[in-house]
Amino acid sequence: MAAAALGGATFVVQARDLVVALKTEPTSMDPQYHALTPNIQLSQTLFDAMVCADPDLVPKPCLAQSWTASGNTWTFKLRPGVKFSDGSAFTSADVVFTLDRVGKVPNSPSSYKVYLQKIEKVEAVDPLTVRITTSVPYPLLPTNMASLPILSAKAASGPAPEGKTTTELNAGNGLVGAGPYKFVSWKRGSEIIFERNPHYWGPAPAWDRVIYRPISNPAARVAALLAGDVDMVEDPPTDDLERLQKDPKLTVVTKASNRIIYVALDQNGEQTPGIQGTNGKNPLLDKRVREALSLAIDRHALVSRTMSGIGTPAAQLLPYPMFGASKNLVTAAKADPERAKALLKEAGYPNGFTLVLGTPNGRYINDSKVAQTIAAMWTRIGVKTTIDANAPAVFFKNRDAYTYSAYLAGWGTSTGEMSNTLLSLLVTPNKEKGLGTTNRSRYSNPEMDKLVVDSGGIMDDAQRAAALAKASELAMADFAMLPIHFEHSVWAMKKGINFQGRADQQTMVQYATPSK
């Protein structure tokens, strides 16, 4: 127990309830429906995976104690004595059920099939042994397993092809995992409540209950913290950070993340929404136009001013030296508006054109402000840009319906490896194979595709990293999408709480403990 004075009152931090203000409400409790950070951070608190990733995304044993590879065959030895939150035993049958369900979940906006690359067969050898056969030797399998929380086959089975449906799981029906907490309730727009899992196989979590409250407005989150209504908040306003860091009654934790904020550009065909003044053409199909838009962006000024320094200007989609990032793409290029104007003229747009830039408002740090800054920079080179900012749920619905010619979004690489980023965002979409699951720009580059897909069969780490780095260089040279900056994550909390931030930005309450 620890005490702290805050705003004239004394608050006592107890190992009973932890109230967390979320910047974005999850879209689903189904751990296989939408690979979105607000969903993932909650599902990985309710469910454990065979392999877990530590705060720096290093894989470690979890529900699987060990694993070995022989050619195309991986053998996972499961942890004995593990129970789900309903008290039932965890066995290999639950792993088989979980991996089989992934491809059956309908209408997934960002499918978890991307983590099942190369898997041909999953077998329960005995209650504590799982054998996975891949089409080629596949070094990424253990890393990918960290993104696939294990469901209880008994609890999540049902008459639908996927067993319990996403709607049923959202209501808590079948939402049974082997993680440190268990689901209690979800009142949309109000609060989500978890309780300690009494059957948890690992160290008992610190809090009896965790109460999540979605508060999309950053200033309102801080106000709730200062009023004592919540114990911890995600992403306080960047303009307030200096004040909060100096407040002796608060603790502020920062962590450099691998989340790339990028601008995607529609490259599917001549018909594209949101662009006018081009005689019906899609100018984004022209590499010179994409390069011009990139050169117009002063990433260093944007991070310094709009982000108050809470970020790193980006030259590719994963920060070097993370696995597969190119050492040749460490420093973001300087802005060159005059060169940008010359490229537009060369491409046949001497007077520019008009463009609508889509953006969420409240999903990423200062997202709509960043979009406004980019719009102003584009307007200066003749691409007269307005923004269409929407609440995250509306934005993602629009994005998935290909409403935008250009949009700002982010991607956190849960595996810490470039293959995940490229397979999701830029490899040519192939729904059946789980490729390009979030490639809403519909970019396609067969040479890059081959490098990325083939890298999955390269067992030598150095060779695999080199192949991915080359793929990254190809994509960036083609201005396939425009990397803007890598976010730095920030959490603010009452004194008396210790919290370890994560490179994937997830607010996982198992990493929050009361001070001793």
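Contact here means heavy atoms within 4.5 Å, and helices (H or I, at least four residues) and strands (E, at least two) are DSSP runs, numbered from the N terminus. The model is predicted, so local features need pLDDT of at least 70 and side-chain atom pairs count only at pLDDT 80 or more, while totals for chains, interfaces and linings use all residues. Residues are numbered from 1 along each chain as its sequence is written, and side-chain values use heavy atoms, with hydrogens and water left out.

**Exercise 1. Determine how many residues of helix H13 are buried, and which elements cover them.**

Step 1. Fix the cut-offs: buried means under 20% relative accessible area, exposed over 50%, and partly exposed in between (1.4 Å probe, protein chains only).

Step 2. Apply them to H13, residues 418-425, where eight of the eight residues are buried; among them are Met418, Asn420, Leu422 and Leu425.

Step 3. List what covers these buried residues, which includes strand S14 (250-265), strand S19 (406-411), helix H14 (446-455), helix H15 (461-477) and strand S20 (481-494).

**Exercise 2. Place strand S3 among its pairing partners, and decide whether S3 is largely enclosed or open.**

Step 1. Two strands pair if DSSP finds at least two bridges between them. By that rule S3 pairs with strand S12 (residues 209-214) in the parallel sense over six bridges, and with strand S13 (residues 232-234), again in the parallel sense, over two bridges.

Step 2. Read off individual partners: in S12, Arg209 stands opposite Asp17 and Ile211 stands opposite Val19, whereas in S13 the partner of Ala21 is Val233.

Step 3. Extend the picture to strand S11 (residues 191-196), which pairs with S12 in the antiparallel sense over four bridges; here Glu195 stands opposite Arg209.

Step 4. Turn to burial: five of the six residues of S3 (residues 17-22) are buried, so S3 is largely enclosed by the rest of the structure.

Step 5. Look at a loop residue that touches this region: Asp229, in the loop between helix H6 (218-226) and S13, touches Val19, Arg213 and Ala224, not counting residues up to four places away in sequence, and is partly exposed at 46% relative accessible area.

**Exercise 3. Identify which residues touch the most other members of the largest nonpolar core.**

Step 1. A nonpolar core is a set of buried Ala, Val, Leu, Ile, Met, Phe, Trp, Tyr and Cys residues joined through side-chain atoms within 4.5 Å. In soluble globular proteins, nonpolar side chains tend to be buried together.

Step 2. The largest such core has 101 residues, of which Met50, Phe76, Ile374, Trp378 and Leu426 touch the most other members. Its largest share, six residues, comes from S14.

Step 3. Apart from this core lies another, of 31 residues, among them Tyr181, Ile192, Tyr212 and Phe499.

**Exercise 4. Classify the ring pair of Tyr404 and Tyr407, and find which charged ends sit over rings.**

Step 1. Rings of Phe, Tyr and Trp (its six-membered ring) pair if their centres lie within 6.5 Å; planes under 30 degrees apart count as stacked, over 60 as edge-to-face and the rest as tilted. The structure holds 14 aromatic pairs.

Step 2. The ring centres of Tyr404 and Tyr407 are 6.3 Å apart and the planes lie at 50°, so this pair is tilted. Tyr404 is buried at 6% relative accessible area, and Tyr407 is buried at 3%.

Step 3. Both residues belong to one aromatic cluster, together with Tyr262, Phe395 and Phe396.

Step 4. A charge sits over a ring if NZ of Lys or CZ of Arg is within 6 Å of the ring centre and within 35 degrees of the ring normal. The charged end of Arg188 sits over the ring of Trp186, 3.9 Å from its centre, and that of Arg442 over the ring of Tyr402, 4.0 Å from its centre.

**Exercise 5. Locate the backbone features at Pro321, Leu57 and Ser308.**

Step 1. Most residues other than glycine have a negative phi, and most peptide bonds are trans.

Step 2. A cis peptide bond, with omega about 15°, joins Tyr320 and Pro321; Pro321 is in the loop between strand S16 (311-313) and helix H10 (337-346).

Step 3. Leu57 has a positive phi of about 70° and is buried at 7% relative accessible area, whereas Ser308, with phi near 50°, is partly exposed at 32%.
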